[in-house]
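Reader: I like to see each term held against its cut-off. Could you walk me through this one that way?

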Amino acid sequence: MYDDIKVNYVGENCYSLEIGEYLLVFDYCNGILNIPDDKKTIFFATSNRDGHYTQEILKLFDMDNFSYVLSSDIAYDKGEGNVIYLNEVGLSLENLKDLYKKKNVIFTNSSDRYKLNKDIEVLSFSAKGSGLSFFVKIFDFSIFYTGESIFFEQGEGNTELINYLYEIFDREGEIDLGFFPIRTDGGDASFACPRSFIEIFNPQIFFPLNIDEDFEMSKDFALSFSDNPTDVRFIDEDNQDFEIDMDD
């Protein structure tokens, strides 16, 4: 099925992963994205917020040959009384109707579970009711990619986050590859949050999110885990490639 996994840090909060015949693209918003002709491409978007999504992914020449798993807030917002409003800065009503008809586009909410094909299962989670995190099972490999839902207000502490993560762990177990923000409140103090993530899920390999181009900070975080069994990677530049040999 696959010998190794190729990971590319595209920029912002976006990574792409080549695994077997698939290319998984998470939270693309800008930058250079290489899409191999021989891969089945799936775009994931955790939120409609800046840095996590762009409508350009829906305007690609061969869009019908791609698949999309998009947070529902890209299409609409839920107001008080569960009233649904079209997202004013998102899709037009005409485009939204067209997308809902397409079999290759999924708008997902928290606690949804989808089987994309025989190889991939996707679960979505939300801690704050806005934006999602994706738990992706592909072949015998598991990926947890967090998004806006993981951001907590400064001062809330780590308790709510830990409870949220343990709920997912109790349902899905340990993971192979984790993507998690290493800064959520504007300072290095939030290293406690990704540390809790790693301790709970025990990923084989960890990649940082929300580094705001602070590559030195990502290196400092990785060095702080030098004695941990999880292989914590750091980022040096946009479009940095990583190759993961799962036989190691």
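Author: Gladly! Helices (H or I, at least four residues) and strands (E, at least two) are DSSP runs, numbered from the N terminus. With that rule, serine 72 is found in the loop between strand S5 (67-71) and strand S6 (76-78). This is a predicted model, in which local features need pLDDT of at least 70 and side-chain atom pairs count only at pLDDT 80 or more, while totals for chains, interfaces and linings use all residues. Residues are numbered from 1 along each chain as its sequence is written, and side-chain values use heavy atoms, with hydrogens and water left out.

Reader: Why is serine 72 called buried?

Author: Buried means under 20% relative accessible area, exposed over 50%, and partly exposed in between (1.4 Å probe, protein chains only). Serine 72 has a relative accessible area of 8%, so it counts as buried. Leaving out residues up to four places away in sequence, serine 72 touches Phe107, Thr108 and Asn109, where contact means heavy atoms within 4.5 Å.

Reader: How many of the residues of the protein count as buried, as a percentage?

Author: Of the 248 residues, 53% count as buried. The protein has four helices and 16 strands. Among contacts between residues at least 6 apart in sequence, 56% join residues at least 24 apart.

Reader: What makes strands S8 and S16 the edges of their sheet?

Author: Two strands pair if DSSP finds at least two bridges between them. The open sheet of seven strands has the order S8-S5-S4-S3-S2-S1-S16, with mixed pairing. Strand S8 (105-108) and strand S16 (240-245) each have a single partner strand, so one side of each is left without a neighbour in the sheet. Neighbouring strands of this sheet are turned by 15° against each other on average, direction ignored; the axes are lines fitted to C-alpha atoms, for helices over the stretch in contact, and angles run from 0 to 180 degrees between N-to-C directions.

Reader: How do you know that S1 and S2 pair, and in which sense?

Author: S1 and strand S2 (residues 14-19) are joined over six bridges in the antiparallel sense. The rule asks for at least two bridges, so they pair. Tyrosine 9 stands opposite tyrosine 15 in S2. Six bridges also join S1 to S16, again antiparallel, and there the bridge partner of tyrosine 9 is glutamine 240. In the hairpin of S1 and S2, with two residues between the strands, glutamate 12 takes a positive phi near 55°. A parallel case is S4 (residues 40-45) with S5, joined by four bridges; phenylalanine 44 stands opposite valine 69 in S5.

Reader: Why is strand S1 described as largely enclosed by the rest of the structure?

Author: Six of the eight residues of strand S1 (residues 4-11) are buried, so the description fits.

Reader: How do you know that the span of helix H2 agrees with the value of 1.5 Å a residue?

Author: The expected span of a helix is 1.5 Å times one less than its number of residues. For the 14 residues of H2 (residues 159-172) that gives 20 Å, and the end C-alpha atoms are 20 Å apart, so the two agree. Just after H2, glycine 173 takes a positive phi of about 85°.

Reader: Which residues of H2 are buried, and what puts them on the same side?

Author: Leu161, Tyr164, Leu165, Ile168 and Glu172 are buried. They cover an arc of only 90° around the axis, which puts them on the same side of H2; the arc is that of the directions from the helix axis to the C-beta atoms. On the other side of H2, Thr159, Glu167 and Asp170 are exposed. The packing partners of the buried residues include strand S10 (120-125), strand S13 (177-181) and H3.

Reader: And which residues of H4 are buried?

Author: In helix H4 (residues 215-223) they are Met217, Ser218, Phe221 and Ala222. Their arc is only 140° around the axis, which puts them on the same side of H4. Glu216 and Leu223, on the other side, are exposed. The buried residues of H4 pack against helix H3 (192-201), strand S14 (205-209) and strand S15 (231-232).

Reader: How many aromatic pairs are there in the whole structure?

Author: A search finds 22 aromatic pairs. One of them is phenylalanine 179 with phenylalanine 207, at 5.4 Å centre to centre and 15° between the planes.

Reader: Why is that pair called stacked?

Author: Rings of Phe, Tyr and Trp (its six-membered ring) pair if their centres lie within 6.5 Å; planes under 30 degrees apart count as stacked, over 60 as edge-to-face and the rest as tilted. At 5.4 Å and 15°, phenylalanine 179 and phenylalanine 207 meet both conditions, so the pair is stacked. The pair links distant parts of the chain, from strand S13 to strand S14, 28 residues apart. Both phenylalanines, 179 and 207, are buried.
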